[in-house]
Structures are given as C-alpha cells and as structure tokens.
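Work through the exercises below with the sequence and the model in view. Try each task before reading its solution.

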Amino acid sequence: MNKKCPICDGRLIDEKISKTFKRYGKEFTYHNIKAEVCQSCGDKFLDGPTITNIEREIREKVFEKAA
Ligand SMILES: [Zn+2]
C-alpha cells in the first residue's frame, strides 16, 4: 500500500523511530516507535493508537511518581 505525505505528497515508508515527547514540563524519549517517514520532506507521522498509548504511559509515569 502506497501512502502519501499530507504535506508534500512524497512517499511514506514505515520505520522505527525515536522521539522525545514533552509533557508536564518533562521530556520522555521513546525508541522503536512505529512511524511513517516521508522520503521527500522527512516529516514523521505516528498513528493515532500509537500516540494514545504513549500519552497514557506518560500520564501513568508522571502521576505514579507524584503519588
Ligand atoms: Zn513530505
């Protein structure tokens, strides 16, 4: 299946990337996240469920530590 970049119409390929999320004034770095990377502009796109999982994990980490 060929997917296209919504920004530049370039070709998207599946890759595992590392990404740092800034939440609650802290940084959380995740590795081996499934993402689609544009071969033209280099933009990275994570799918909705992946982002939701990461957001939930970060929330749990932050609030467990605070408790
Ligand atoms: Zn692009």
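How many of the 13 residues of β2 count as buried? The model is predicted; local features need pLDDT of at least 70, side-chain atom pairs count only at pLDDT 80 or more, and totals for chains, interfaces and linings use all residues. Residue numbers start from 1 along each chain as its sequence is written.

**Solution.** Start with the cut-offs. A residue is buried if 20 or more other C-beta atoms lie within 10 Å of its own, exposed if 12 or fewer, and partly exposed in between, with C-beta atoms placed from the backbone. By that count, one residue of β2 is buried, and the strand is hardly covered. Next, turn to the protein chain: buried residues make up 3% of its 67 residues.

**Exercise 2.** State which pattern the protein chain follows along the sequence, then judge its spread against the globule rule.

**Solution.** Step one: fix the elements. Helices (H or I, at least four residues) and strands (E, at least two) are DSSP runs, numbered from the N terminus. The protein chain has one helix and four strands. Their pattern is β-β-β-β-α. Step two: the radius of gyration of the protein chain is 14 Å, well over the 11 Å that the globule rule gives for 67 residues, so the chain is more spread out than a compact globule. That radius is taken over C-alpha atoms, and the rule is 2.2 Å times the number of residues to the power 0.38. Step three: check the box. Along the principal axes, the C-alpha atoms fill roughly 45 × 20 × 20 Å.

**Exercise 3.** Give the strand order of the sheet and name the strands that stand at its edges.

**Solution.** Strands pair if DSSP finds at least two bridges between them. The four strands form an open sheet in the order β1-β2-β3-β4, with antiparallel pairing. β1 and β4 (44-45) are the edge strands; each has a single partner strand, so one side of each is left without a neighbour in the sheet. Now count bridges. β1 and β2 are joined by two, and K3 has L12 in β2 as its bridge partner. β2 and β3 are joined by eleven. In that pairing, I13 stands opposite V37 in β3.

**Exercise 4.** Find a residue other than glycine with positive phi in the turn of each hairpin, and classify each as buried or exposed.

**Solution.** Take the hairpin of β1 and β2, which has six residues between the strands. D9 sits in this loop, between β1 (3-4) and β2 (11-23). Its phi is near 75°. D9 is exposed, with 10 other C-beta atoms within 10 Å. Then take the hairpin of β2 and β3, with two residues between the strands. Y24 lies in the loop that leads to β3 (26-38). Phi of Y24 is about 55°, and Y24 is not a glycine. Y24 is exposed as well, with 12 other C-beta atoms within 10 Å.

**Exercise 5.** Describe the surroundings of K19: its element, its exposure and its contacts.

**Solution.** K19 belongs to strand β2. It has 13 C-beta neighbours inside 10 Å and so counts as partly exposed. Contact needs C-beta atoms, placed from the backbone, within 7 Å. Leaving aside neighbours within four places in sequence, K19 is in contact with Y30 and I33. K44 is 25 residues away along the chain, and its C-alpha atom is 9.7 Å from that of K19. Finish with the protein chain: among contacts between residues at least 6 apart in sequence, 45% join residues at least 24 apart.

How values were computed:
Contact = placed C-beta atoms within 7 Å.
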